[in-house]
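Me: I have a two-chain model open and would like to talk it through with you. Could you take my questions as they come?

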2 protein chains.
Amino acid sequence: MQLAELQVSYADVAAAAQRLQGVAHRTPVLSSRQADALAGARLFFKCENLQRAGAFKFRGAYNAVSLIPASDKQRGVVTHSSGNHAQAIALAASLAGIPAVIVMPKDAPASKLAATRGYGADIVAYDRETENREQIAEAIARERNMTLIPPYDHPHVVAGQGTAARELLEDAGPLDYLLVCLGGGGLLSGCAIAANALAPGCKVIGVEPEAGNDGQQSFRAKSIVEIAVPATIADGARTTHVGAVNLPIMLRYVHDVVTVGDAELISAMRFFAERMKLVVEPTGCLAAAAALTRKVDFGGKRVGVVISGGNIDLPVLAKFIAG
Amino acid sequence: MQLAELQVSYADVAAAAQRLQGVAHRTPVLSSRQADALAGARLFFKCENLQRAGAFKFRGAYNAVSLIPASDKQRGVVTHSSGNHAQAIALAASLAGIPAVIVMPKDAPASKLAATRGYGADIVAYDRETENREQIAEAIARERNMTLIPPYDHPHVVAGQGTAARELLEDAGPLDYLLVCLGGGGLLSGCAIAANALAPGCKVIGVEPEAGNDGQQSFRAKSIVEIAVPATIADGARTTHVGAVNLPIMLRYVHDVVTVGDAELISAMRFFAERMKLVVEPTGCLAAAAALTRKVDFGGKRVGVVISGGNIDLPVLAKFIAG
């Protein structure tokens, strides 16, 4: 098969790391002997739930905002997201001192609307049933001459996300496997580029919710497969298709894509709260759930696991952990 | 006033740090701009909730077990504790390959009994209403010729706990204040020794539950004041008196003791879960609650805050955060 030309290189990830130095948190890498026993491996958890704005998304958002040409920058950024990318862009724009417009569903959780507004962004609400958020964002970008930064299908976003795996490999040492959650493919493709450059023998594995395995289908079909909005508690992975920038990178550098069920996500969330004292949102549990339930036979080897985020409303968290 | 001779020096803390190297986790120091805004200071949280067995207690337990003379060691250790010290001693004994007997109340939470047994310790259950746990532990130590390691009133325990502040000062840099929870005084006295040696200008402040301010009373009276078992959700600080080893150290090196109420602990627990993605037990919130509610006017300065532990049953956590 003809390999598609990739739009992101490891040099882009390294440059993003420079930009993020002193701006993003260098999140800790934690371990747990109990987790190791469950997984049959030595696990190294990269805690992006402890990142600014509560998720890895700040990395890509800040990198992309930094790379807007000076001539366009002051007019600001626009994006569409109901989740962590919204807050990440709002925070990155606020740090850059430029306006941000976020297209969010009317029925997004009040806490997410409040957090996004708290960073000073303007919110444009839309109706999930009748309106298309991408078209609204594109129209705003066109009319106001703002730069659109989509959540994952963008080279500068991918390069920023790759810095998470770069730090993990620097801090944990050599890894045999790297497990990364898969929604639109921004984090997975960025991390795969970093792992390929820094740990060439490391097998990178994407982890998706069972109910929304469009990424697995696309990976196997070697072309983008679109599905209906999947029903899963992993709200950050309720994407309907991976990105055009992301899939070629996945096809080049990712070893496999596996899936986990919602019940396994809840078990992982409980494990994190009870044993590792961490709050992890359902999407953030994807990679860990695959490790803890041995979706892959690791043979006692060294496995990196990215915890992607921790943004969950407290009443929802309470419901999941009350048991 | 004549200063009492202290039973622990900074050299003891430094030696404990050597023993703990590679055995205890070097827990991360985290920061949060939202926390800083609430406190009017720059806060540096030392996350001992991420320590092995879920609390700082492992430091002192491991140090004390390591220092048992070779002639006595194989006969094992005994202690009395319903909480984190029990698990810490059980784990430390297990790592040393020696037996451990833990005197625990019959009505201790099933999860704590299970965790302690999980580390291989023998549990002797007693009735809180009719029996004295200290006498039971002393009798076992005498009869079986085992070494008794109490939860806080012991120089080797104090030296081990001081390593938490040593690491915090190494990682955070200079601090103007250091806030530490106060139950029996093991963590506070150990940390005060380390701060005095490494950051002489740093004001060390103990934080107690309002309902159980025996430590504050003792600090002011300059002698040990005993109270009835206090009613507070901070179960790790339901001690009735500080230790004889601990008070002289507190009187020499601690600047003040302040108190916080249970409602302030719950607010801090919610803040940690929602904003910092951390599970912190009520006692672990004491120092942070004092900072977040500005019990001290920090004037924008640099403040270390020790998060002492994260062991809380999930249903109880769920109840507190459901709101």
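**Sheets, helices and the contact between chains**

Reply: I'll start inside a sheet of chain A, where A:Val77 stands opposite A:Thr147 in strand E6(A), helices (H or I, at least four residues) and strands (E, at least two) being DSSP runs numbered from the N terminus. This is a predicted model, in which local features need pLDDT of at least 70 and side-chain atom pairs count only at pLDDT 80 or more, while totals for chains, interfaces and linings use all residues. Residues are numbered from 1 along each chain as its sequence is written, chains are lettered from A and ligands numbered from 1 in the order in which they are written, and side-chain values use heavy atoms, with hydrogens and water left out.

Me: How do E3 and E6 of chain A pair, and over how many bridges?

Reply: Strand E3 (residues 77-80) of chain A pairs with E6(A) in the parallel sense, over two bridges; two strands count as paired if DSSP finds at least two bridges between them.

Me: And what is the strand order in that sheet?

Reply: The order is E5-E4-E3-E6 (chain A), an open sheet of four strands with parallel pairing. Strand E5 (122-126) and strand E6 (147-148) of chain A stand at the edges with a single partner strand each, so one side of each has no neighbour in the sheet.

Me: Which strands does H7 of chain A touch?

Reply: Helix H7 (residues 133-144) of chain A packs on the sheet and touches E3, E4, E5 and E6 of chain A, its direction making about 170° with that of E3(A). Contact here means heavy atoms within 4.5 Å, and the axes are lines fitted to C-alpha atoms, for helices over the stretch in contact, with angles running from 0 to 180 degrees between N-to-C directions.

Me: Switching topic, how many salt bridges are there over all chains?

Reply: The structure holds 18 over all chains, a salt bridge being a side-chain nitrogen of Lys or Arg within 4 Å of a carboxyl oxygen of Asp or Glu. One of them joins A:Arg166 to A:Glu170, with the closest N and O atoms 3.5 Å apart. Both residues lie in helix H8 (residues 155-172) of chain A, four residues apart, about one turn of the helix.

Me: How many salt bridges run between chain B and chain A?

Reply: The count between chain B and chain A is zero.

Me: Then how much area do the two chains bury?

Reply: Chain B and chain A bury about 2100 Å² between them, 64% of it on carbon and sulfur atoms; buried area is the accessible area (1.4 Å probe) that two parts lose on being put together, summed over both. In chain B, B:Arg33, B:Lys277 and B:Leu314 lose the most area to chain A, together 32% of what that side buries. The contact takes 24 residues from chain B and 25 residues from chain A.

Me: Which elements of chain B give two or more residues to that side?

Reply: They are helix H12 (262-276) and helix H14 (314-322) of chain B, and the largest share, six residues, comes from H14(B).

Me: Where does H12(B) lie?

Reply: H12(B) lies across E1, strand E2 (42-47), E9 and strand E10 (302-307) of chain B, running at about 85° to E9(B).
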